[in-house]
Structure formats: structure tokens, C-alpha cells
Amino acid sequence: MTKITSIADVRRHFLNNKEPVYFISATNFNLLGIGDWVGSFRHINYIDCFEGKQRNVFVPKQKFPRDFESIEDINNYLLEHKEVIDFIQSRANDESAGVASFLMFDEHTEEICNQLGLRVAFPPAELRKRMDNKIETVRIGNKAGVPSVPNVLAKVGSYQELIEVSESLGNDLVVQTAFGDSGHTTFFIASEEDYYKHAEEIEAEPEVKIMKRINCRGSAIEACATRCGTVVGPLMTELVGFKTLTPYKGGWCGNEMFAGAFSQEVRDLAREYTFRFGEALREEGYRGYFELDFLIDMETNEVYLGELNPRVTGASSLTNVAAFAHSDIPLFLFHLLEFSDVDFDLDINDINERWAHPESVDSWSQLVIKHTDESVDLLTQAPTTGVWRMNEQGEIAYDHYSYHPHAAENEHEAFFLRISGAGDFRYEGADLGILITRGRLMDDDFQLNERAKAWIEGIRNQYTGQALQDPVVEEVAVSHAIGGGNFKIL
């Protein structure tokens with residue numbers, strides 16, 4: 001095979017691809033539209049967000065009752081499902097059953113893939129888990145010259161111990177455990193009373209990250225560590241903890257991508273830090289797609305490393321549909337290329353310079369809409385996936401079916417991906433759906449703007465539910481629901 005030396009070569013290679021490539025997850029949200037770039041690409045999902053309309057999404061028809069405790073459980077269930085196995089075998093060619101990619105996977109996933117003849121397009125689960133450790137992230141960042149918010153790493157057994165080890169950080173603290181979604185595992189502690197709300201979780205950890213609390217703006221940036229160097233995407237703002245979107249304080253609930261999100265100095269520094277971190281990951285043996293959260297101190301403009309997600313993420317849906325991705329290739333294709341057997345030599349510096357240019361970043365926003373009430377009911381009606389349109393009065397209506405955010409042509413339209421549908425239980429923390437639109441959904445003070453509020457209210461009004469009268473039924477419903485409020489499926 002000819003050596004790949006240009007973006008045109010990469011495009012041609014993947015458009016002509018014959019080896020089956022799969023993204024296996026609860027939904028296809030994270031890699032919307034990747035099938036347009038990669039021949040023989042299919043999604044294998046547990047939730048059918050498209051009601052059977054989308055050809056490259058395979059969802060097994062028969063569902064077997066099972067309690068899931070993680071995304072890994074969902075993926076392992078799918079890979080062991082007879083309909084999925086038959087589907088994979090029906091598409092296998094003489095050389096390979098295909099390539100499998102995931103949002104999350106574990107050692108058992110790797111074993112199943114090996115049995116099915118699937119090649120996992122990610123570093124080993126054991127390495128990914130070590131990289132996913134928030135404590136390890138601080139240490140890698142320190143070695144790479146990527147600073148974290150002033151912090152200490154320590155075992156904490158009491159409030160008194162917390163105060164003693166963090167004396168230099170002041171009295172207003174943020175404590176994070178090594179693993180877990182930030183909406184569940186980040187604790188804000190300014191008093192002994194605050195501490196005792198989370199004491200059991202904190203004291204159960206062998207080590208926690210204790211940070212000085214700063215007035216900061218959350219941001220996200222995705223990248224891919226390849227053999228030629230680290231490709232870096234644009235810096236995005238994060239929507240965090242908005243009560244109209246999520247019940248979790250500190251919980252991620254969306255992103256904005258626009259050229260002026262932060263000053264040029266901050267954007268350049270974040271990109272430089274991301275490149276350094278990607279090179280450090282390569283030294284650790286990790287390669288492929290990853291995302292970094294940065295905290296921008298609003299008083300000093302200091303850029304601090306927040307956490308590492310060694311995978312595709314919720315922000316990937318924006319990274320891979322923006323102008324820079326479509327003028328070259330989506331970031332995820334660099335990931336697939338890295339895990340292919342193709343020889344390539346690309347000028348990563350040239351790509352990074354091009355992607356850093358403000359004209360390469362068009363404006364997109366997304367909202368992750370969860371059920372925020374403490375109620376539980378059974379959904380009887382839900383909005384359809386596709387393009388919705390808002391009129392001048394702020395009222396929304398379904399316009400037409402599409403599978404791709406680009407189908408929303410202007411700021412009066414939005415692509416909505418339904419997650420919870422009729423027949424699903426609606427409980428606190430349940431993902432209702434994701435709305436992606438052009439333009440901004442926050443104002444200059446980084447609060448939800450009127451358009452965002454109208455979209456949120458409009459989408460929520462499309463859902464209706466039937467109350468459950470029996471508290472026992474409610475408890476069983478939540479425990480059997482996907483996620484059950486305990487883990488993030490997106």
C-alpha cells in the first residue's frame with residue numbers, strides 16, 4: 001500500500017475503506033456523521049435514537065432485562081448479543097471481522113472482541129484506566145510542564161486531616177476523587193458541614209486531589225496523539241451545572257465552539273499545553289483520541305489543567321462537524337489512521353497551524369438536556385430526532401428528518417437527537433436528548449441566552465409522561481433504567 005503523505009490521501013483511503021469499522025456504545029451521539037467519511041462504517045447501539053430510519057445504525061430488536069452499572073456493561077451486553085454477533089459476522093471479510101471503537105470499554109470487552117475477531121482501535125483498557133485517573137493526570141501534566149490549579153494529593157481520613165494537608169490552599173476547597181464523572185465526583189467544601197455530606201466517598205479513596213477553589217471558566221479541547229505528533233482541535237467553552245439542563249452541581253451539560261471563546265493568548269496557551277500533554281501521553285504509551293478540560297482563571301487568565309478523558313467524549317460531536325474538520329478531515333480519522341496498518345507521514349505542525357486560525361472555527365453549540373425534577377414517570381410522548389425550527393415567538397416545531405447536525409442551516413434551526421423515547425422511564429438525571437445548533441447559546445457573561453432558554457423549554461414541552469403511583473415501581477424503574485442516574489451514557 002502506498003504511503004499516506006497528505007490529507008487528500010487520508011480522505012481517499014477512508015472513503016475507499018472496505019474493512020468494517022464499528023462505533024459501539026449506548027447511542028451514536030459522540031461520532032455523529034463519521035459514516036460520511038469512512039466506508040463500511042456502522043454504529044452498534046443499545047438505544048435507537050432514529051426509530052429505525054438510519055441505515056448505518058444497528059440496534060438489536062430483542063432486549064433482555066439486565067441491570068447496567070456502566071457504559072462498559074452496555075457494550076459488553078451488545079457484543080454478546082446474538083443479533084449483534086450475527087450482524088458482525090455477516091459483514092466480515094476474509095481478512096477481518098472489523099475494527100471496534102468505543103466510548104468506554106474494559107478488559108472483558110477486549111476478550112469478547114478477540115473472540116469475535118474484532119480489532120480494538122484504542123490502547124489497552126488497563127492503560128486507558130491508568131490515564132483516566134485524575135491523580136495520574138496531575139502527575140503527567142507536571143512532567144509535561146502543564147500546570148494544574150494549586151493542589152495537594154493526599155489520603156484524607158477526616159475533616160481535620162483535610163484542613164491540615166491543604167493549609168496552603170485556603171479554606172474554600174474543591175476535592176476530586178480519582179475516577180468518575182465530574183458531576184458526581186467533584187465536591188465543593190468550604191466548611192465542616194460541606195465535608196460531612198461527602199465524607200464517606202472522600203475517605204474511601206486511597207488518594208484525592210484537593211484544589212484551591214478559583215473563579216474559573218471551564219473549557220474543553222480535543223486532540224489525537226499520532227506517531228507523527230499530536231493533532232490539536234479548537235478550545236471550546238463548557239456548559240456546567242445549569243439547573244435547567246442538569247440536576248448535578250458541576251455536571252457537564254454542553255459546549256460552545258466559536259473563534260472568540262477566549263483571548264488569543266489563552267487559546268494559544270491551551271493549544272500548546274494540549275500538544276505538550278499529547279506528547280507526554282505518547283511517552284506513557286498512550287496514543288489516539290483524547291480530551292483535556294482546562295480551567296481558565298477569570299481574574300488572572302491563568303490556564304490550568306483540569307482533567308484528561310482518554311477517549312472520544314461528549315464534545316466530539318462538535319469537534320468532528322466544525323469547518324476545520326470538513327476542510328481537512330475530522331479529528332477521529334486521525335485516530336483511525338493511527339490504529340490502522342497503513343504507513344503515513346503527515347505534517348502535523350502544518351495541520352495544527354491551519355486549525356488554529358480563527359477562520360477555521362465556525363460557531364456551534366450543543367445542549368445536553370436531562371430530566372431535572374425529582375419525579376419518576378413513564379414517557380408517553382417524545383420529540384423526534386431531526387431538524388426542528390424556531391419561529392419569531394420562540395415556539396418550536398419539527399421540520400424534517402436528518403441524521404446530521406449540518407442539516408440545521410441557520411440559528412433558527414437545530415438538530416435534536418432524541419435519547420429518551422416513549423416507553424422509557426423519566427427520572428432525575430435521565431438524558432432526554434441533545435440539541436445542536438449553529439451560533440452561541442450563552443451570552444458574553446457565559447449565562448444561557450434567551451434562544452437557549454426557548455430551545456430548552458420548547459424541547460421539554462414535547463415530552464409527556466404518565467405518573468407512577470407505586471413507590472416500589474418507581475424504585476425498580478430507576479434501578480433498571482439505562483444509567484439509573486448513576487453513570488453518564490454520553
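Reader: Why are helix 6 and helix 10 called roughly perpendicular to each other?

Author: Keep in mind that we're looking at a predicted model. In it, helix 6 (residues 134–144) and helix 10 (residues 264–284) pack at an angle of about 110°. Angles from 65 to 115 degrees count as roughly perpendicular, so this pair gets that label. Their axes are 9 Å apart, and the crossing is right-handed.

Reader: What makes the contact between helix 6 and helix 10?

Author: On helix 6 you'll find Thr137, Ile140, Gly141, Lys143 and Ala144. Helix 10 brings Arg276, Phe277, Ala280, Leu281 and Glu284. Sort the residues of this contact by type and you get 5 nonpolar, 2 polar and 3 charged.

Reader: Okay, on to the cysteines. How do you know that Cys113 is in no disulfide?

Author: A disulfide needs two cysteine sulfur atoms within 2.5 Å. For Cys113, the nearest cysteine sulfur belongs to Cys224, and that one is 19 Å away. So Cys113 fails the test and is in no disulfide.

Reader: And what makes Cys113 buried?

Author: Buried means under 20% relative accessible area. Cys113 has 0%, so buried is the right word.

Reader: How do you know that Cys224 is in no disulfide?

Author: Same cut-off, 2.5 Å. The cysteine sulfur nearest to that of Cys224 is the one of Cys228, 11 Å away, so Cys224 is in no disulfide either. Searching the whole structure turns up 0 disulfides.

Reader: Why does Cys224 count as buried?

Author: Its relative accessibility is 0%, and the cut-off for buried is under 20%, so Cys224 counts as buried.

Key
Residues are numbered from 1 along each chain as its sequence is written. This is a predicted model: local features need pLDDT of at least 70, side-chain atom pairs count only at pLDDT 80 or more; totals for chains, interfaces and linings use all residues. Side-chain values use heavy atoms; hydrogens and water are left out. Buried means under 20% relative accessible area, exposed over 50%, partly exposed in between (1.4 Å probe, protein chains only). Axes are lines fitted to C-alpha atoms, for helices over the stretch in contact, and angles run from 0 to 180 degrees between N-to-C directions. Helices (H or I, at least four residues) and strands (E, at least two) are DSSP runs, numbered from the N terminus. Angles under 35 degrees count as roughly parallel, over 145 as roughly antiparallel, 65 to 115 as roughly perpendicular and the rest as oblique. A crossing is left-handed if the near helix is turned anticlockwise from the far one by less than a right angle, and right-handed if clockwise. Contact means heavy atoms within 4.5 Å. Ala, Val, Leu, Ile, Met, Phe, Trp, Tyr, Cys and Pro count as nonpolar, Asp, Glu, Lys and Arg as charged, and the others, Gly among them, as polar.
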